[in-house]
Amino acid sequence: MIDKIKNRSYKKLQFIGAVFICAVILNCSGIKIETLYENAVISTASPIATEIGLQVLKDGGNAYDAAVVIGFTLAVVHPEAGNIGGGGFALIRDGKSLEVRSIDFRETAPKAAFETMYLDSDSNVIENLSTVGAKAVGVPGTVAGLYALWENNGTMQWSDLVTIAAEIADSGFIVDAYLESSFINKRTELTQFETTARIFYPGNQAPKENDLCQQKQLAKALYLIAAEGKDGFYLGEVADSIVATMVAHGGLITLADLQDYQPVWRDPVHFKFDSLDIYSMAPPSSGGVIVGQILKLLEPYDFSRYNPNSPKYINLFSEASKLAFADRSKHLGDPSFYDVPMERLLDKDYLDGRREQIELENAQTADAISPGGMMQVESDETTHFSIADKDGNLISITYTLNSPYGSKLAVKGFGFLLNNEMDDFSVKPGEQNLYGLIGGEANKIEPNKRMLSSMSPTIILKENEPFLVLGTPGGSKIITVVAQAILSLTRFDLNVVETAALGRFHHQWIPDLLYLEDGKFSPETISELQSYGYQVKERERYSDLQIIYIDPSHFKTGASDPRGRGLTAGY
Ligand code: DON
């Protein structure tokens, strides 16, 4: 199977997806096409990962098995963000118990971490220390997270699932144009560490489109994980090598940090929006609470008066976002270290009061909004995948190395990249951080603490039945992309394909800028928004939404963001 898959082009993979079409719906314009699948659908950022996940489902596996194989395969074929050296969050709706639960497999600060670890003796932030190299690395959670998912309800052998990914790393996969250009763009950053240069620039030359990319060292790590479960990563040779890499480059992670790492099962954030039950990630991700605040602030407005590109809607959404992001800066952090006022943040009376600050055609300035404090800017690489299987299991996973290729540092001998997630902490609470922004006390660095995230893997039920599974990368923009997608699917009645393609806009309170996706908004819209008082900044495209929609008769469809190279397919 692997040989067949790795040699297929994107177009061929799309065709294979189409073979399993059960129904095709055309709207009256004949433009929208939604493919409905009877059994299962998967949406990931990589055609290879989607097809391998689908094959596992067809071979009798369930969504848990598919999630494991996809998680490890993305670490091979989507190295910018797919990972074993990072962490993330999974939302799960179990088809048998009908419960919605979540696993937090976020990275943790090493035991030796301390609040001022990125500051010099004058208390200035040391450039790049929290983003590049060994000190930027949080204790990875991905392998433990995927293992917990599999232990919970996987049906296939763990070793068989992980071996599929190991074999792709071993025998190689065909590089696409997207990855070729990523290797070209990141050359300087990725060649600064010999261990990383060796993987992606063998003989000083990155693989080009249609070349085979083999990762023999990564394969070794994956075979060990396949054979020994999570211990293959957190104990033994791989763990020793992570620690040796830390020692060589001045990092803090020890064997005890690795050995003690535990994923945490958590109750997801749950709130009602219209008649929907929305479940998303709880702290240490801010995603669920902030998506919830934005939607609840907007709930009473009559959306039939707007369209998703209209200045009035963009204004309402952005004003709600500013209020929610202001709360993020102050009230959200790892709940084991900081008492997050969860109930209050989503309380009706509280949000009714906050809503009074929103005006229909006016942008409040950032200083008119409290509380003070800011969030960090996160950069542009993470990945999300969504799975719905024939047994009613839904899985929504966002995981990441943080910025593209994480800390850029690969583990010696095992060829996998380590995250730079420590930068998601407030590197200097209360004052400007590396990016010129500030964070709060709630998210200061402490040993064993999990840094605040914006990742928002989301599952939505309608009348207790599966309805939507979605998520995206995008740093702080994850939150606004997910909230906009929910509104576009439920209030503007766009389908999944249109929702995935829709222009994005983003305001996070500070900086006091309204970001509009380049080329997606008309000059008239931009000048009307400016007349409301917004400082508008166009920015290149972002997001890589992976959405699944399930209709009342359980037919499924989905869409992968056209900005990425992903594929949605089913059978
Ligand atoms: O946890 C977070 O919020 C960030 N580390 C996510 C980074 C991200 O989404 C970058 N990708 N686009």
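Here is a short chat about strand 11 and the sheet around it in this predicted model.

Student: How many residues of strand 11 are buried?
Tutor: Let's take the strand one face at a time. Thr383, Phe385 and Ile387 on one side are buried, and so are His384, Ser386 and Ala388 on the other. With buried meaning under 20% relative accessible area, the count for residues 383–388 is 6 of 6.

Student: Nice! Which residue stands opposite His384 of strand 11?
Tutor: Look to strand 12 (residues 394–400), which runs antiparallel to strand 11 and is joined to it by 6 bridges. The hairpin of these two strands has 5 residues between them, with Gly392 at a positive phi near 85 degrees. In strand 12, the residue opposite His384 is Thr398.

Student: And which residue stands opposite Ile387?
Tutor: For that one, turn to strand 3 (residues 41–44), which is antiparallel to strand 11 and joined to it by 3 bridges. The residue opposite Ile387 is Ile42.

Student: Which strands stand at the edges of the sheet?
Tutor: Good one to trace in order: the open, antiparallel sheet of 7 strands goes 8-5-4-12-11-3-20. Each edge strand has a single partner, so one side of it is left without a neighbour in the sheet. The edges are strand 8 (264–266) and strand 20 (567–570).

Student: Which helix lies across strand 3 and strand 20?
Tutor: Those two strands pair in the antiparallel sense over 4 bridges, with Ser43 opposite Thr568. The helix across them runs at about 155 degrees to strand 3. Spanning residues 47–58, this is helix 3.

Technical notes
Residues numbered from 1 in each chain as written. Predicted model: local features only at pLDDT ≥ 70, side-chain atom pairs only at ≥ 80, totals over all residues. Heavy atoms only, no water. Buried < 20%, exposed > 50% of the residue type's maximum accessible area, 1.4 Å probe, protein only. Pairing = 2+ DSSP bridges. Contact = heavy atoms within 4.5 Å. Axes fitted to C-alpha atoms, helices over the stretch in contact; angles between N-to-C directions.
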